[in-house]
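Here's a quick walk through a model, one piece at a time. Have a look at the picture first, then read on.

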Amino acid sequence: MFKYLLLAFTVVPLIEVYLLVSIGRQVGFLPTITMVLVTGLVGASLARREG
C-alpha cells in the first residue's frame, strides 16, 4: 500500500507540472496563470459552500 501512495504522490504532481508547462507554452503565461487562479477560486468557493 505504501508504494502505491508514494507512487501517487510523486507521479501525479510531476504529470501536473508537465501539463501546466505544456499548456503555458501553447496559450501563454498570463492565460495559464489566469486559468489556475480561476480554478482555485471556483474550487475554494465550492468547498466553502459545501461546508
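Is methionine 35 buried, partly exposed or exposed? With a relative accessibility of 42%, methionine 35 counts as partly exposed, because that value falls between the 20% and 50% cut-offs. Keep in mind that this is a predicted model.

Methionine 35 sits in helix H2, which covers residues 29-50. It also belongs to a nonpolar surface patch of about 740 Å², along with Leu7, Val11, Ile15, Tyr18, Leu19, Ile23 and Val27. Helix H1 (residues 2-27) is the main contributor here, giving seven residues to the patch. As a bit of background, an α-helix has 3.6 residues a turn, so residues three or four places apart point the same way.

Now for the two helices themselves. How far apart are the end C-alpha atoms of H1? They are 38 Å apart, and that agrees with the 38 Å that its 26 residues should span at 1.5 Å a residue. H2 checks out as well: its 22 residues should span 32 Å, and its end C-alpha atoms are 32 Å apart.

Each helix has a glycine just behind it. Right after H1 comes glycine 28, with a positive phi of about 110°. Right after H2 comes glycine 51, whose phi is also positive, at about 100°.

Back in H2, here is how three of its residues compare in accessibility:

| Residue | Relative accessible area | Class |
|---|---|---|
| Threonine 32 | 7% | buried |
| Methionine 35 | 42% | partly exposed |
| Leucine 37 | 53% | exposed |

Threonine 32, which has its place in H2, is called buried because its 7% is under the 20% cut-off. Leucine 37 lies in H2 too, but it counts as exposed because 53% is over 50%.

A couple of C-alpha distances go with these residues. Threonine 32 and glycine 43 are 11 residues apart in sequence and 17 Å apart in space. For leucine 37 and serine 22, the sequence gap is 15 residues and the distance in space is 17 Å.

And the aromatic rings? Searching the whole structure turns up zero aromatic pairs. Tyrosine 4 does have a charge over its face, though: lysine 3 lies there, 5.8 Å from the ring centre.

Note on methods. Residues are numbered from 1 along each chain as its sequence is written. This is a predicted model: local features need pLDDT of at least 70, side-chain atom pairs count only at pLDDT 80 or more; totals for chains, interfaces and linings use all residues. Side-chain values use heavy atoms; hydrogens and water are left out. Patches are made of residues with over 30% relative accessible area and no salt bridge: like charges are joined within 9 Å, nonpolar side chains (Val, Leu, Ile, Met, Phe, Trp, Tyr) within 5 Å. Accessible areas come from the Shrake-Rupley method with a 1.4 Å probe; for residues, only the protein chains shown count as cover. A salt bridge is a side-chain nitrogen of Lys or Arg within 4 Å of a carboxyl oxygen of Asp or Glu. Helices (H or I, at least four residues) and strands (E, at least two) are DSSP runs, numbered from the N terminus. Buried means under 20% relative accessible area, exposed over 50%, partly exposed in between (1.4 Å probe, protein chains only). The expected span of a helix is 1.5 Å times one less than its number of residues. Rings of Phe, Tyr and Trp (its six-membered ring) pair if their centres lie within 6.5 Å; planes under 30 degrees apart count as stacked, over 60 as edge-to-face and the rest as tilted. A charge sits over a ring if NZ of Lys or CZ of Arg is within 6 Å of the ring centre and within 35 degrees of the ring normal.
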